[in-house]
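Subject: Structure handover

Hi,

Here is the structure I promised to pass on. Please open it alongside this note.

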Amino acid sequence: MQLSNYSIRNKLIGLVTILVIGILATSSLAFYFSYQDTTNSKKEIIRSVVQSSISQINSLKEQQLPDSEYLKQLKHVVYSTRYSELEYLYLLDNRNRFVFHPEKPELEGLSISTLKSVSHPEMFLEGIEKTVTNRSNFWTIMWPRPDGGPAIKKLTYAEVIPNTEFILATGIYLDDLGPLYLKRAASYATITVIVLLVAIFAALIISRNLVQPIIRLSDQMEDLSRGDMGQEFQSILRQDEIGKMARTLEHFRNNLLENQRLKHMQEHFRFLESFDPVTRLYNRQAMGEAIEREILRNHENQDPIFFLNIRFDLLRNLTIELGEEQRDLILIETAKRLRRLLNFNHRLGRLSEGSFGLLLLNPPQDDSIDSLAKSILETIEKPIQLDTVQVQISARLGITSFPEDGEQPFELLGRAELAAKEARKREQGWIMFNAIRQTQDEQKMELWQDLSTALDQDQFHLVFQPLFDLNFNAPLAAEVLLRWNHPERGPISPAVFVPLAEQSGLISRLDHWVLNAVAKQCRVWLDKKLPFPKVAINLSGISFMRADFEDKLQSIFNAHNVNLRHIELELTEGVLIEDLSRIQEKLNRVRKTGVSISIDDFGTGYSSLSRIKSLPVDNIKIDKSFIDDLENSPQNLKIVQAIILMAHGLQLKVVAEGVETENQLSILRKEQCNIVQGYLLSRPLPVSEFEALLDEDLVIEG
Ligand code: C2E
Ligand code: CA
Ligand code: CA
């Protein structure tokens, strides 16, 4: 038996049991010894009474009295030696006859064996016999009670009187000791019970205070080792060693939790490097790498590779209507269906919020790509049952092929995207990129080249479109819009050249040019002492996310001695799709320079209303596409209402852009939109006209 094999609880129970047995044994022994002592002292008393009488009798004998006198004196000694009410001496002779019996003189002369009143005369006789052989003897006899009751035990002592035929005896009723013993037993029992109770109580306290906490700690430690870290350690507030242990363990648990969290995060990040967390499909980067691998594999033989961009229609409307969660469910289900449809050799990925990409590893023959596209679209269009509603989505496909449409992954990816957009424009299910490449590509290439010379040759200028505050009916701000006067093609819309600049890497230079031009313009107005409203600058996400953007911004405006509180930056939702904590930090740093921030084209990207909550921005600009249809589309109205409500809840101002009709304006006014911008109120104006407008008092109708 090894003690360490038993639990603390069992050890405690063992200890208590030993204690209880010990206490019981001790008190029983004590009781037993005290019983013995009492009996012995009684024995001593009767023996000494008998012996002192015998010595008296001996001295009688020495007096050599005549027989009759001797007997008389003998009787006197026996009769007079009563040492208590019921205790007396009696004399027997060697034939078992009573010689003197002061209590019952009628027995004198009678033999014990003839006594009727004695229930067990043989016990008596046996005792006498032993007395004769041993010269003295202690034993018990059954003797009638003095009150006439049934016979009871009597402890008897007898001794032979030396050199005579007489035996002197006496006895005490054992019954007399009963009450004494009972009393004693009762006090022993009481003390034992009290000690037992105290011991059990102490054991309970130890159990509660020591054993149970230790058991709990060890249970929790076991849980911890099994990976269950959810429960905080108890007893951490205790001041003793258990508290110390609990605090140490709690600290340990927190470390484990932190490690686990970090590990999950790392795993998550590793996962995110290659996969879309929602659909668990390849992400854009992994898709690019897959394409690259395929290109390498097929490079020598120039075997064709097909890449499809699957662009979902109107997904953003669904998102706004049903929420991001439901949209994700739709995408997950769609991904599942497509995987089922496709050969496992194909690579399916999610390229953006609203588009998938598909790389065909074993491409079908040219004619069957059409039937594959068809079945992909049919699969996507099958209704999807969500919790409460059934939805149906549709998509457009843009298809590129290697080597025809490009030899780089980004070319295949980008052109497939262009083709998908074109398919939507032409209301076709799918389009092969080569069907649109001539017109698009060539024009673009030319523009790319022109753009960089345009920057050098100052072919750009700015126009200003005022934004009106609906409460004060006054221009509150002006959005700066870039204009490019192409020497041959004439004015080109920024909607065309800004995306081109973004793709070609020229955008930073372009944004830098605009910031500089705005700073210069503000300086002119400041010098003229013209009170001008806030100036809103469109900024590409690429420039904004540059690490040194805020420093550049500051230095440009410092150079013209213009305070940045005059400036607002318009960022599109696309920028906000970035990793949340990174974008929060960036926004905070940029806002520290004094600029305010507004979210442009709100509703077109896939960033959600809920995401805006955690971003430090000042305004939201509802995208023009929602305003266009405001009068006719109840759905758009609902979206606009929702955006306004949410923005106000977040203390953000709402701008409606692209307001073209009185009707739209009055609806927006009714919905408590704060700021409006659009052709109805003012087109983008050249500087001189804008300055003139600042002098006017403007009243907005509608
Ligand atoms: P945006 O930021 O959404 O700018 C609003 C666009 O809507 C402007 O087109 C403006 O002229 C137009 N607009 C304003 N009110 C109305 C209206 O009532 N009806 C209609 N149909 N259109 C209206 P614009 O100037 O062609 O600019 C197009 C886009 O080019 C801008 O969209 C912005 O994203 C980008 N952009 C313009 N200037 C710059 C710039 O300086 N830097 C950068 N990075 N991007 C710019
Ligand atoms: Ca804008
Ligand atoms: Ca806009």
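Below are the ground rules, then the metal site, ligand 1 and one helix.

This is a predicted model: local features need pLDDT of at least 70, side-chain atom pairs count only at pLDDT 80 or more, and totals for chains, interfaces and linings use all residues. Residues are numbered from 1 along each chain as its sequence is written, chains are lettered from A and ligands numbered from 1 in the order in which they are written, and side-chain values use heavy atoms, with hydrogens and water left out.

**Calcium**

The calcium ion (ligand 3) has protein donors from D600 (OD), D601 (OD) and E657 (OE), the last listed twice. They lie 2.1 to 2.5 Å from the ion. Donors here are N, O and S atoms within 2.8 Å of the metal (3.2 Å for Na, K and Ca); water is not among the atoms, so sites may look incomplete. The sequence spacing of the donor residues is D-D-x55-E. D600 also coordinates the calcium ion (ligand 2), which is 4.0 Å from ligand 3. D600 sits in strand β19 (residues 596-602) and E657 in strand β21 (residues 653-657), so the pair ties together parts 57 residues apart in sequence. Helices (H or I, at least four residues) and strands (E, at least two) are DSSP runs, numbered from the N terminus. D600 is buried at 6% relative accessibility. E657 is buried too, at 10%. Buried means under 20% relative accessible area, exposed over 50%, partly exposed in between (1.4 Å probe, protein chains only).

**Ligand 1**

There are 23 residues around ligand 1; R483, D600, K624, E660 and Y679 come nearest. To count, a residue needs a heavy atom within 4 Å. Polar side-chain atoms of E479 and R483 lie 3.1 Å and 2.9 Å from an oxygen atom of ligand 1, respectively. For D601, the distance from a side-chain N or O atom to a ligand 1 oxygen is 3.2 Å. On its own, ligand 1 has 790 Å² of accessible area (Shrake-Rupley method, 1.4 Å probe). The protein covers 83% of that. β15 (474-486), α12 (494-504), α13 (507-528) and β19 each give two or more residues to the shell. β15 gives the most, with four.

**Helix α22**

Which residues of α22 (residues 687-695) are buried? They are F690, E691, L693 and L694. Their arc around the axis, taken from the directions to the C-beta atoms, is only 155 degrees, which puts them on the same side of α22. On the other side, S688 and D695 are exposed.

Best wishes

Key
Polar contact = N/O pair within 3.5 Å; in protein donor to acceptor, adjacent residues only side chain to side chain.
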